[in-house]
Amino acid sequence: AQNINGKFRDILSFARNLLILLGCRSYDKVTEREDYKKHRNGDSMEKKWWKESVVYQIYPKSFKDSNGDGVGDIRGIIQKLDYLKELGVNVLWISPMLESPQDDNGYDISDYRRIYKEYGNMEDYEELLSEAHKRDIRILMDLVVNHTSDEHNWFVESRKSKDNPYRDYYIWKDPVNGKEPNNWGGAFGGSAWEYDPQTQMYYLHLFSKKQPDLNWENEKVRQEVYDMMTFWCEKGIDGFRMDVISMISKDQTFPDGEMNNSLYGDFGPYCVHGPRVHEFLQEMNREVLSRYDIMTVGETSGVTIEEAQKYAGEAGKELNMVFQFEHVDNGSGDYGKWTTEKYDFKEFKRIMIKWQEELQGKAWNSLFLGNHDQPRSVSRFGNDNPAYRETSAKMLATCLHMMQGTPYVYQGEELGMTNVYFDKLEDYRDIESINFFTELTEAGLMTPEYMMKCLMLRSRDNARTPMQWDDSAQAGFTDGESWIKVNPNYKEINAAQQLEDPNSIFHYYQKLIRLRKEKDIIVYGEFEPIYRDDEQIFAYIRRQKQEKLLTVCNFSDKNAEMEIPEEFKGAECLITNLDRTVFEGRIVLKPYEAFVLYKK
Ligand code: TEU
Ligand code: CA
């Protein structure tokens, strides 16, 4: 069967090349393809559409509900494509919309070729693709192939018997001394092993017990994944965001992990950047990715600079880029993210500079401060006190969008949406938050009061409250009962109000995105930090031939003094979040002040 599939893909690829040669595909597709091949063959830091892009992440459940059932859906996204076009983004990463029991809001897929019924159907998805493409907006699918749902047919079969043909699609182990095969803890609390009485064995699930890990050692599993990816590429999707792709290869000895303060052992050293991960991704590239001019970004929690150069090296043998998480994992405590510790600005700056300096010319950066797993960026890294919220949100955007790499805007970040700070457990929906509240308080490791404070600051639900479209009931997200409460500040913070206000955060993002399109230096310029050890200011210069760009950001709620470098005398101010007019000599920055100077 594998052989036939491989042959099928070869025929497909030959036919597509023939069509291109016969000019049946538009010219730009051909150039992109040639262009892409050049990149794939490891040419230098060449120009690529995905390097010049700005990506907008949509969490479909919370974006826009079109049929009043309180859950976002595909038709709701279609309704908002013009809003996204207005913002200026040109790629959408949409969190999973495939069939799922929603144990982890869609990151538990039970059918890779069917749209989740509450989001719509295949026709809706095809209409979304064509409507987006009409607006020159590309769409990335969220590829979740480290695990499936336990309701996927493969797992339903696999758990039936030890000799079922699907048994080895998953990772099954015998009990050891009547207990779990090792001490690994799951990322959502509890053991990473679930006992299945039907065959009296344990299966591995690094996430929830309804998310059994696929066995990537099994070539049949890999073939199934490549066939499914080809199916979606043939439908015209423009790429993949790859969920926890750094975890697909496990150390086959499955040894116990370090306890480091928690109730279970750490699986990280044995499941992240495992022994065959690059072999598998190079195979995926040969079998699927290299046959299409698509964009790929790997979610590689725990990635280092060295690993990133393998996953996303300019040679293009694996992926185009990866997400690193050092900057958002900064400030973790004994129980990981469950702490009330504020992040450390100097450490944040050191990490961001490291990734800029050590990847440039070797691999491509993804730039983000927020996503569906992180607290709202203005609450975490800025200041959501009404006096500073807008200025600090614009400052954070300036700092991120003037760097080298592809910027990612998380839905609502362009409005300066804030954490919701739910103070009742029943308002939470996220499996990770609810499981850890129970686990850490029942084990007596945290008081319920302290853990509630941690949830209010760090729960993923802070990023999952409905998008705030206007000041009507439920923020214009739904005219039904929303699956999760709307943030009460929607009356002050919403898209309608900001579209009317030329000085809104929305229009500031729109200008930053436009600058990236207009000025090559923002995409391809060399990165050079200045004020490296300053405790308040994050400043850096971008250089390209005789052009230069200076970005200055005051990350503090205090004034900050600095000297504008002489070489920027007479420079043009491209954008600023306050009303400064003098950009020379010694200046005093106001709290959260940011600006960008440009000189040819
Ligand atoms: O997240 C992987 C991951 O590491 C998460 O545990 C995340 O970093 C953590 O929750 C932050 O506290 C991916 C998806 O982005 C996430 O939504 C899924 O829950 C997870 O994989 C399992 O698919
Ligand atoms: Ca709906």
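Start with N105, a buried residue in this predicted model: its relative accessible area is 10%. N105 sits in the loop that links β3 (98-99) to β4 (111-115). Its backbone is worth a look too, since N105 is not a glycine and still has a positive phi, near 50°.

H273 makes a good companion to N105. Phi of H273 is near 55°, again a positive value in a residue other than glycine. You'll find H273 in the loop between α8 (268-271) and α9 (277-287). Is H273 buried or exposed? With a relative accessible area of 19%, H273 counts as buried, because the cut-off for that word is under 20%.

Follow the chain out of that loop and you reach α9, the helix that runs over residues 277-287. A pair of packed helices is described by the angle between their axes and the distance between the axes. For helix α7 (residues 219-234) and α9, the angle is about 40° and the axes are 10 Å apart. That angle makes α7 oblique to α9. The crossing of α7 past α9 is right-handed. As for who touches whom, α7 brings R222, Q223, Y226 and M229, while α9 answers with F280, E283, M284 and E287. Sorted by character, the residues of this contact come out as four nonpolar, one polar and three charged.

Now for the barrel. Eight strands close up in the order β1-β2-β5-β9-β10-β11-β12-β13, and their pairing is parallel. On average, neighbouring strands here are turned by 25° against each other, ignoring direction. To see one of those pairings in detail, zoom in on strand β9 (residues 239-242) and strand β10 (residues 295-299), which run in the parallel sense and share four bridges. Within that pairing, G239 stands opposite M295 of β10.

There's another sheet to visit, and this one is open: five strands, antiparallel pairing, in the order β14-β15-β16-β20-β18. Which strands stand at the edges? They are β14 (526-530) and β18 (572-576); each has a single partner strand, so one side of each is left without a neighbour in the sheet. The average turn between neighbouring strands of this open sheet is 20°, direction ignored. At the β18 edge, the partner is strand β20 (residues 594-599), and the two pair in the antiparallel sense over four bridges. One bridge to pick out there joins E572 to Y598 in β20. Over at β14, look for helix α12 (residues 345-359), which lies across β14 and β15 (537-544) and runs at about 15° to β15.

Finish with a second helix pair, α14 (residues 389-401) and α18 (residues 505-518). Their axes come within 10 Å and cross at roughly 15°, which makes α14 roughly parallel to α18. Their crossing is right-handed. On the α14 side the contact takes in R389, E390, A393, K394, A397, T398 and H401; on the α18 side it takes in I505, Y508, Y509, L512, I513 and R516. Split by type, the contact residues are seven nonpolar, two polar and four charged.

Definitions and conventions. Residues numbered from 1 in each chain as written. Chains lettered and ligands numbered in written order. Predicted model: local features only at pLDDT ≥ 70, side-chain atom pairs only at ≥ 80, totals over all residues. Heavy atoms only, no water. Axes fitted to C-alpha atoms, helices over the stretch in contact; angles between N-to-C directions. Parallel < 35°, antiparallel > 145°, perpendicular 65-115°, else oblique. Left-handed = near helix turned anticlockwise from the far one by under 90°. Contact = heavy atoms within 4.5 Å. Nonpolar A, V, L, I, M, F, W, Y, C, P; charged D, E, K, R; others polar. Pairing = 2+ DSSP bridges. Buried < 20%, exposed > 50% of the residue type's maximum accessible area, 1.4 Å probe, protein only.
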